[in-house]
Amino acid sequence: MRPPAEAIGTLSLIVGVIALLIFIGVEGALVYAVWRYRASRHVAGEAATFEQNRRLEIAWTAAPALILAVVFVLTLGAMAEINGAGVAPAMRITATGHQWWWEFSYSGVKTANELHIPIDTPVELEVTSVDVIHSFWVPELGPKMDLLPGKTNRLRLFVHRAGSYDGQCAEFCGVEHAWMRIRVVAETQTEFDHWLSGQGLPTPAQGNAGERVFLSNICVSCHTIRGTAAVGTAGPDLTHVGARAMIGAGALANDTARMRAWLADPQRYKPGSLMPRVPLSDADLDALAAYLVSLK
Amino acid sequence: MSDVLSLGRSPKIVQDRILLGVAIFIASESVFFLAIVLAYVAYRDAGLATARANLDFARTAVFSVALFASSATMAFATGTRSGRWLAATIALGAIFLIGQGSEYARLLSEGIGPGSALFGTTFFTLTGLHGLHVLAGLVALAALFSANRRRAAAVRPVAWEAVALYWHFVDAVWVVVFTVVYIGTLL
Amino acid sequence: MTAVPLWVRRPAGERVGWLRTVDHKAIGVLYIGMGVAFFAIGGLEALLLRAQLATPEASLVDPEVFNQAFTVHGVTMILLAVVPLLVGFANYLVPLMIGAPDVAFPRLNALSFWLSLVGGIVLYFSFLAGGAPNTGWFSYAPLSERAFAPGTGVDYYILGLAVNGAGTIIGAINLAVTILLMRCPGMAISRVPLFVWMTLVTSVLILGAYPALTAALVMLFVDRQLGGHFFDPAGGGQAILWQHLFWFFGHPEVYIMVLPAMGMISEVIPVFSRKPIFGYAFVAGSSVAIAFLSFGVWAHHMFAVGLGETENAIFSATSMLIAIPTGVKIFNWIATMIGGRLRMTTAMLFAVGFIAMFVIGGLSGVSLAVVPIDLAVTDSYYVVAHLHYVLFGGTMFGIFAGAYYWFPKMTGRLLSETLGRWHFWATFAGFNLTFLPQHWLGAVGMPRRVFTYAASTGWGPLNLISTIGAAILLVAMFIFFVNLVRSLRSGAIAGDDPWDAFTLEWSTTSPPPPENFASIPAVKSRRPLWDRKHPEARDTG
C-alpha cells in the first residue's frame, strides 16, 4: 500500500506534465500568431479570409476529449487508492472539530490538537464536528476531508516515514480559523503504544497550589483532567497537556513561560477564542502554569 | 411599443415580447420552486409523522379544488374578455388563501410553526412562498379587473394573456405542492 | 440630478436625469459606473487583505475585520462589480449590435439597475449596522446560522443578495427577449455578433442559476429569523443542502461572468486581426454546451464533503467535459489571428492577455476536476489563484479589452493608447506577480481565508511577492483611472468607426442618438459594416 500523498503526488506529476505541454503548445501558438501576423511586419498584402475548417474543429474537439478520458481513468484509480484500495484499517481514531481546536479520541482516550499515529499502519480517521464545518488537512499526508456536524466522514491515513507533520483547518470556520492547527506525530508502533498507554492513565492527584487554582476556578466548567474533579467537555482534555508541543491549537509553543502568558490573557494570542480571560493573581498564574506544564 | 397588433386575436408567445417575458420569468420561478420542493422532499421522512398527524387533507383538498377551478374560470375570462369570470377567478383565489390561512391558524395553535421542527420549517416555507405568489397573482387579477371595468377597450389583449399565464403557473405550482405535501402523507 | 450630457446624443431640451432615464445606453453606463465603483471598493478591500498577509503573524487588522473584508471582497467583485460591468456592456451594446432602437422593456431595464444597486447598498449598509457579513462569499451553513453568526451581517447579506439577484434576473429576461424578438431585418440568430450570442446564453444561465440562490437565501432567512432548521444539524437539517443549492447557482455564476467577456474578445480579435472570426458556429455552439454542462458540475466544489465515490466520479467527469468546449473557443480565437494583419492596440493586447491568462486558469481548473488533486488543494490558495486567473486574468482582461474598444462609441472620444499600454503591462505584471505564487502557497499547505499564518510555515516570502504584485495592480488601476478621466475630457475625437469595425454599433454616431439608428438597418451577413465598406468582397454568411 502506498501513502495517499504518494498516489496524489504521482497523479499530480502526470497531470502537471500534460498541463505543461498543453500550456506550451497553446501559449506558443498564441505568441507565434502575434509575432508572425502583426501588422507592423507586413507593409503590404491583405489579411487572409478563411473563416472555418470543419476537420480542424473536430480534431481540436476530439483531441482534448481523448486526453481527458485518460486523465479520468487515472483519476478513478487514484481515488480508489487514497480511500484505502480495499485494505481494511488497522485502527480507527475519531477526530471532532470544535471552534477552534481538534479533539482526537482513541476509543475514548481523548487528547487535543496533536494526533499520534503509528507508521506503516492503515489508520481510519472518523471525522465529525460539534459546531460548524471544519476540514482536516495535513498537506504532507495527502487529501483533506471535511468535518460536518451531524455526519461522519472517513479519511485514510497511511505514513511511511516517522516524524511530525503540520497542518490546519482548511474550511473557513469563524474568527480563529487561522489558529486551528494540527500536528500529526507519526512514530513506530512501540513508541505509539507507549504514548497511547500513557495517555490512557489519569493524572494522579497532586494536591499542589496549581491544581487547587485549576479546580477552584471556572477552568473546570470546560476542561477535563482525568483523575480530578474537572470533567468539562467544551474545551480540550488537559490530562496530558504538558506533553503536547503547542498551546491553543498552534497559537504558542508549549513551555511554562508561554503557558503562563496564555493563561493570563488567551484573547491576546487568539482573539475571539472561546477561552475567556480568567482574572488570577500572579502567584496563581505561576502555580497554574507550572501545574499544567507538569501534566505529561 | 410595437407589440403584435391584435385585431381581437390572441398574441402568441413566440411573437409577443410581454408574453415571452412572462414565460421566461415563469421558467425562472420554476427553478426557484423546484429548489424549495426538493428541500421539502429531502426532509420529508423527518417530518412525515407530524405531517400525517396534523395536516387536514380533506379540507385542504376542497380549497385546492377552488384554486384549480380558478384556472378554468380564468381561461373563460381570457377567452371572452369577461369581467364576471375574472371576478369569479379572484373570488376562488381568495377562498384558497382563506383556506390556507385557516390551516396555518390551526397548525400554529397546535404549536407547529416554522421554528418548531423540520416539518414546520419546510411546510411553512413551501406553502408560504406559494401563498405569496397567489397573493401577487390576485393583485395582478385585481389590477386587470379594475382596468377592464374603467375602459375595457384600452386593455390590450396581451394583458389578459400575460395575467392568465402567470395565474395558471401559480395553479400548476400548487398541483405539485399539494401532491408532494398532502398526497405525500397518504403514501 | 444633472441631465445626461454624454453617452447619448440628445438635444438639450429632451435630456432626462440619470435617475429617470430608461434609455438602454444610459442604463448601460449606470451599470458600468456601478461596476467601476464597486471594483474600486473591492480592490481596496483586497489590498487590505494582501497587506495583512504580506508577513507572517502580522496584526495590521484584527481577525474579525479581515474576515469581513474577504467576505465583502468576494461578494463585491462577483455580484457588484463583474456582473454589473458585463450587464452594463450588454445593455449598451446588444440593441446597437442587433439594430434595435432599445431593449424590449426599457422601464423594467431601469428597475433592474436600481434593484442591483440597492442590493449592493444594502450589503454595504451592514458596515454601519454593526458589522459586515464575515462568513465568506459562499457563507456556508451552519457558520452562517444565528448560533455562529449572531450579528446582523449575514442578514444584510441575505437581503442584499436577494434584491441584487432580483435585479439581475429581471435584466436577464429583458436581454433574452430583446435578443429573441428585436433583431433588425436580416439579423438571423446565426448572424448576431458573438457578444450577443454570449449574452443570450448568459441570460439563460442567470435565469436557471440565480433562483437557486434566492431559494437558498430564503431558507437561510427562515432559519435565522423564524427559527427554522433547514441547515441546522441539531434540528435535523443538513449543512450540505446549503452547499448544493449555493453551488448550483455558484458554478453557472462563473460562466455568467466568463462568457460575456469571451463574447467581448470574440468581437475585438476579428476586428484587430482584419479577419472574420474563425468557426463562428463552433464558438457560439460551444457556449451553449458550456451553459448546458455548467448546471451539472456544481458538486466539484464539494469533493471533500464526503458525498461518496460515485458522486465524486460523476462530477469529476462532467467537470472535465466542460473543458472541451472551453478549449474549442481558445483554438478558434488563435485561428482567427492566424493569417491576419494584427493591429496590437490596447484592446487587442488585453484580448490576447485574456487568452494567455485564461489558459492557465483553465488548466488549473481541470486539475481541480481530478478528485485526488482537488482533495489535496481545495480550500487552499491554489483555488484562490485558479479563480483569479479565470475571473481577473480572464474576465477582467476581457472587460478592459471591451472598455478600450467601445469607450469611443460610448463617449465619442478615444482612450489614450500610450496610457493604455502602460495600463496593460502594469496589469499583466502585477496580476501574475500577485496570483502565480499563490499556486505554490496552496500546494504546500496555505488554506484560503486565514488572517495570518505561523512564521514556521515558511510562507512569508511568496506572500510578500504576492502583496507586491497587488501594489503594482493598484498602480495599474490608477493609470486606467487617469486614462478614463483624461480621455473623457480631452481624448482624440473618435468618429463613428475608429477601428474600421464590422458590426452595426459602429454604423451609427459616437455616441449614438436616442433612437440608436436614423433608420432601422437591414443586414445580409455577420459583418454588415464590412459589407458596406467592401461591396466587392461581401460576406456570404
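So, to start: how far apart do the closest C-alpha atoms of chain A and chain B lie? They are 14 Å apart, and no contact joins the two chains. By contact I mean two residues whose C-beta atoms, placed from the backbone, lie within 7 Å.

Quick housekeeping. This is a predicted model, where local features need pLDDT of at least 70 and side-chain atom pairs count only at pLDDT 80 or more, while totals for chains, interfaces and linings use all residues. Residues are numbered from 1 along each chain as its sequence is written, and chains are lettered from A and ligands numbered from 1 in the order in which they are written.

Okay, chain A on its own. You get eight helices and 12 strands, going by DSSP runs numbered from the N terminus, with H or I over at least four residues for a helix and E over at least two for a strand. Its radius of gyration is 27 Å, well over the 19 Å the globule rule gives for 296 residues, so chain A is more spread out than a compact globule. That radius is over C-alpha atoms, and the rule is 2.2 Å times the number of residues to the power 0.38. The C-alpha trace spans about 95 × 45 × 35 Å along its principal axes.

Now the partner. Two pairs of chains touch, and A with C has the most contacts. Here 69 residues of chain A meet 69 of chain C. On the chain A side, the elements giving two or more residues are α1 (4-37), α2 (54-82), β7 (145-147) and β9 (163-168). The largest share, 15 residues, is from α1(A).
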